[in-house]
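Q: Please take a close look at a single part of this model for a reader who has not seen it before. Begin with one residue and its contacts, and then work outwards to its surroundings and to the chain as a whole.

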Amino acid sequence: MYYAQATDQFNMVAHKLMIFFGIIMCIFGLIGNILNVCVFAIWSRSRKKINRYSSSHRTSNSSLYLLASSVANLIIISYPLLTRILLDGYQYRVTRTNVLILCKFRYYALHTFDLISLTCICMATYDRYLLSSRKVRLRQMSARRQRTKLSILFIIVLVGLHSIPLIIYYDVSNTGQCEIFPIEYSYYYLYVVQISLHGLIPIIFLSIFGLSTFKQLKLITKHNPSNHLNSDRQLAHMLLLMSIAIILSSIPHCIEQIHEVVFSDNNYEYSSKFFLYHVISSILYYTNPVTSFYVFYISTPNFRIQVRNLFSNNRHNEDMTNKSSNSRSAAQI
C-alpha cells in the first residue's frame, strides 16, 4: 500500500512538472527563436554589404549556421516538445490511429532537426575557431558564403536521409508506448543516434573548439583590441556559452540512455522513479533549443542592440505609417 502511494506521487509530480515547465518552455522558446531568426537573418547578410571591399564578410558564416539552428529549434519546439507535453504531461496514449503523428513523424522530426541544430552550432563554433586562429592557413580554411549555404543544405539532406529508418521502425507497443521493434536497429539507435550523435560527439567537439576559440581571441584582443575583433570575440563568447548550455543539457539525457542499455529493472516502484528522472532529463534536453535566445541576449551586447533595433525600427515604421495615413485622411477632408 505504501509503495503504491509512493509511486502514484512520483508519477503525479512527473506529470505536473512536464505540463508546467513544458508550456512555459513552449511560449518562451517560440518567442526567443523567432527573434533569433530575425537577428541572424540580418547579421548573415549585413557584414558583406558594410565591408564590401574586405574579406571580413566571411565572418557571417557563423550567423548563417545560427540562423539554420534557430529555424530547426522552432520546429523542435512547435512539434516534438508539444507532443511530449501531451504524452508525458496529459498522459495521451499512442494508438494505431495516431501512431504516424505522435510516434513515427515525431521522432523523425525530433532527431532530424535536433541533429541539424547541434551540427550547425558545431560548425559555427568551428568556423569561429578557424577565423580566430593566428595561422593564415587555418583562417583560409573558413568557407566562403556560398559554400557555407551548400554545407547547410548538405547537413539537412544528410541528416534527413539518416533519420528515415525512424519512420519505418518506430511503432506503438501494447502498452501505448513508442518503441523500436527490430532489436538490431534499436542497438544502433541507442549507441549511435542517442548516445553518440546527440550526446558524446557534440559535447567533445564543442568543449575542444569552444574553449580553443575563446583562448585564441583572448590572446588576439590583448595585442589588437579593435572594434571588429571585439565583435568577433562577442560572437565567440556567445557560442561558448551556448556550447556550455548544450553540454549541461545533454549529460542527463546521455545518462538516461546509458542506464537503459546497462540496466533493466521491471520493478514498478523503481520505474516510477525513473519516469520522474526521464521527465526531468527531457525538460533539460529541451532547454537547449528553448534558451538559446536568452543565452545570446544576456551574454552579448551586440545581440541586445540588434534586438532593440528590431523593435525600434518596427515602432518607427508604425509611426511613419500612421503619419502617412493621417495625412491622406486630412487631404481627403
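A: In this predicted model, Thr125 is in contact with Leu206, Phe209, Gly210, Thr213, Leu239 and Ser243, once its neighbours within four places in sequence are left aside. Thr125 itself belongs to helix α3. Its relative accessible area is 2%, and Thr125 therefore counts as buried, since the limit for that class is under 20%.

The helix that carries Thr125 also packs against another helix. Two packed helices are described by the angle between their axes and by the distance between those axes. For helix α3 (residues 99-131) and helix α5 (residues 145-162), the angle is about 145° and the axes lie 9 Å apart. The crossing of α3 and α5 is right-handed. On the side of α3, the contact is made by Tyr108, His111, Thr112, Leu115, Ile116, Thr119 and Met123, while α5 contributes Ile155, Ile156, Val159 and Gly160. By character, the residues of this contact between α3 and α5 comprise seven nonpolar and four polar ones, and no charged residue takes part.

The cysteines may be considered next. The structure holds zero disulfides. Cys120 is in no disulfide, and the nearest cysteine sulfur, which belongs to Cys122, is 9.3 Å away. Because a disulfide requires two cysteine sulfur atoms within 2.5 Å, a separation of 9.3 Å excludes one for Cys120. The relative accessibility of Cys120 is 1%, so this residue counts as buried. Cys26 is buried as well, with a relative accessible area of 6%.

Before α3 in the chain comes the loop that joins α2 (61-89) to α3, and Gln91 is found there. Most residues other than glycine have a negative phi. The phi of Gln91, by contrast, is positive, near 55°, although Gln91 is not a glycine. Helix α2 holds Thr83. With a relative accessible area of 6%, Thr83 is buried. When residues up to four places away in sequence are not counted, Thr83 touches Leu102 and Arg106.

Another residue to examine is Tyr191, which is found in helix α7 (residues 183-223). Its relative accessible area is 40%, so Tyr191 is classed as partly exposed, a class that lies between the limits of 20% and 50%. Tyr191 and Ile258 are 67 residues apart along the chain, and their C-alpha atoms are separated by 8.3 Å.

These details may now be set against the whole chain. The chain contains 10 helices and two strands. Read from the N terminus, the order of these elements is α-α-α-α-α-α-β-β-α-α-α-α. Of the 333 residues in the chain, 46% are buried. Contacts between residues at least 6 apart in sequence join, in 79% of cases, residues that are at least 24 apart. The accessible surface of the chain amounts to about 17,900 Å², and carbon and sulfur atoms account for 65% of that surface.

To return to the starting point, Thr125 is a buried residue of helix α3, and its contacts include Leu206 and Ser243.

Technical notes:
Residues are numbered from 1 along each chain as its sequence is written. This is a predicted model: local features need pLDDT of at least 70, side-chain atom pairs count only at pLDDT 80 or more; totals for chains, interfaces and linings use all residues. Side-chain values use heavy atoms; hydrogens and water are left out. Helices (H or I, at least four residues) and strands (E, at least two) are DSSP runs, numbered from the N terminus. Buried means under 20% relative accessible area, exposed over 50%, partly exposed in between (1.4 Å probe, protein chains only). Contact means heavy atoms within 4.5 Å. Accessible areas come from the Shrake-Rupley method with a 1.4 Å probe; for residues, only the protein chains shown count as cover. Axes are lines fitted to C-alpha atoms, for helices over the stretch in contact, and angles run from 0 to 180 degrees between N-to-C directions. A crossing is left-handed if the near helix is turned anticlockwise from the far one by less than a right angle, and right-handed if clockwise. Ala, Val, Leu, Ile, Met, Phe, Trp, Tyr, Cys and Pro count as nonpolar, Asp, Glu, Lys and Arg as charged, and the others, Gly among them, as polar.
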